[in-house]
Amino acid sequence: YLSGDHSLLLILAEPTRPPQDIEFAEQLAAKVDRIVAEETGKWGEIAGPGLPALEAAPKVAVGGPHLTALGDAGLIRRDMLWNLGTVVPSVLLFFWFTFRRPGTLIYAMFPLLTGLLLTFGFAKIAVGSLSSATSGVAALLVGLGIDFVIVSYGRYIEERQQGANLEEALVAMMGSNGRAVLIGAVTTTVTFWAFTFTKFTGLRQMGLLTGTGILFCVGSVFLLLPAMLAWSEDHHNRRQKQPTLFLHSFGSEGLMRMSLHHPRPTVLIGLVITLISLALAVDIEFDESMKTMRPKGNRGIDVAEEVGRKFGSGFDSMSIILTGKTPEEVIELSGKAAEGAQHLVQAGTLYGYSGVTSLIPPPTQQREALAWIAQQRTGALDLGRIRSTFASAAAAEGLRPEGFAQGLDLLTQVVSLRETVGHKSFQANQQTRLLLERYLRHTDRGWKAAVYLYPPDNRWRREPPPDAVRLTESLGPQAALSGTNVVNQRVRSLVVRDAWIACIVGTVLVMLLIWIDFRSFSRTLAAMAPLTVGLIWMAGWMVAANTPMNFINIFVTTMIIGIGVDYGVHILHRFNEVQDMPREQFEKGIVETGKAVVAASVSTILGFGSMMFSSYPGLVSTGKVAMLGAVATCLVAITLVPAVLSWRYDQRRKEGVAVEAPRRATAG
């Protein structure tokens, strides 16, 4: 095929295996690239001395779905290695900075490594391979799994600093605190498992692997961290040296004490921020373009776009798929579809169309033609009269009739036809057979024919033209419209539906787990309230940061439900322990837990932050939204929640609730 400006020559080839076979695609691309290099190297010989203007070989570019899949596979490998290579060191460095003790790195590294190995082993059994959606699972698990270590080890440090021995500190760490960690892990798991209710394979796999991986990580922490702390204690006792015990507050201590001492102004400021965020959130946009989520630099996509620009219609064609019991039935339907497509071409809706009727006219039309030929054999199509008249006319013009013998013989064959031409006429050689198979094939479900519709100038990429939809519907239940634009339209509706399903399922499961934990409906609502406020803040900040929702980051809301609710749960669990203690003990307990929550939030931000460097814009926006959600829910947990709990504490004092003597928290 030659473009209208004669600058691009297009050769179409149909590989024998699908693009998803990456090994085949790699071999195919290597062979094609080698052939292109060899032939362009011979350009001087090919061009010859007669083409002096063409000094350089023409540019040859190879594209198509196989090259697109191959490019995606390379980017997936790169992103996965980059995520692991950046997240693990940054999280470990953060862990060292938070606790100011290099030896504590093993407390984070060993349980996380164990959890990751178990997760990848499970992934091999459950899904077999990674995709663009699941390539970031490792980074997510590192960012989320470190939370369990931070909150647990932070409580251990607090107990030891208050004078508890090893056994007492471990009991406190694994008692009420361990219960909060477990609830936080399970709530996060169920929100990721909620993705398994979606119809998108990548999201189902990501939800399954991440949710299950969180359980592997928390299980590893519960089994290994106490053992490592006991080993460390024994090691320091033998050396007669006390370990360094420190937890960095990242400025949260002053913020939390201010919230505890000034609850009303804090709540008022939080209410103002919430109202402003809610006003902004109303204007949040949804980016429906699939193109904006694709990575740049994929040669398969680049070549397809170049073809679209040069030929006026790219590879994003639509197809009307027609199904029938016999080839004659689907060819007849193809004729009706082609007739309707011709009207759309004349109206400017389509650039063009092609179908089996370009090769085989519909049987009804053929029979009408044969009936007319039969009537005219003794009239207008009388071969004897035609030959005689033509010979006389040619002689009168000084032409030799024998030069037209072949054409007259072909006319004789046409006039002699008495049966319709069918698909069997194309089985004589491979070329005609392959030509027909583009439009007509026999399948296990009967015969199928395709009528290809070409939109002009790559228009109608987000949805099919309404006229094309009406044309397909007019052909009855045997016709179906397909194409990338049809898929895009379907995906948009499915994404919104599945996002709501995942959000509702995740929320219900989280509330159920929290109710099982607290056995109180009011406490359950109290745990969900800061999450709700945090989500409002997140949505408002997205608008302020000019970050629209899209097909991928819309599911971050469900992730934040599981991640953000943990922060409030930790604070509420600690409130249950210290609500009857003196004010100093009460504040210290809330502040120390808040410090661990902030550290856990920062580690989560680091985990999601690695997505900001992904090759896929959709994942970049996902990381950005997740970071905003983690920051928002953490801020609510360390400001508004302590303010409300401080007010509740004072109310209990006014109601005459007895205050216990200061003590260390135990198993609970």
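These legends walk you through four close-up views of a predicted model. Local features here need pLDDT of at least 70 and side-chain atom pairs pLDDT 80 or more, while totals for chains, interfaces and linings use all residues. Residues are numbered from 1 along each chain as its sequence is written, and side-chain values use heavy atoms, leaving out hydrogens and water.

**View 1. Helix α20, residues 556-578.** Helices are DSSP runs (H or I, at least four residues), numbered from the N terminus. At 1.5 Å a residue, the 23 residues of α20 should span 33 Å (1.5 Å times one less than the number of residues), and the 34 Å between its end C-alpha atoms agrees. Because 22 of its 23 residues are buried (under 20% relative accessible area, 1.4 Å probe, protein chains only), α20 is largely enclosed by the rest of the structure.

**View 2. The loop between α18 and α19.** Look for Arg519 here: its phi is positive, about 55 degrees, although it is not a glycine. Arg519 is exposed (over 50% relative accessible area), with a value of 60%.

**View 3. The loop between α19 and α20.** Asn546 sits in this loop and, without being a glycine, has a positive phi of about 55 degrees. Asn546 is exposed too, its relative accessible area being 67%.

**View 4. Leu275 in helix α10.** This helix covers residues 263-281. Leu275 helps make a nonpolar surface patch of about 540 Å², together with Leu268, Leu271, Val272, Ile276 and Leu280. Patch residues have over 30% relative accessible area (Shrake-Rupley method, 1.4 Å probe, only the protein chains shown counting as cover) and no salt bridge (a Lys or Arg side-chain nitrogen within 4 Å of an Asp or Glu carboxyl oxygen); nonpolar side chains (Val, Leu, Ile, Met, Phe, Trp, Tyr) are joined within 5 Å, like charges within 9 Å.

Methods
Helix = DSSP H or I, 4+ residues; strand = E, 2+ residues; numbered from the N terminus.
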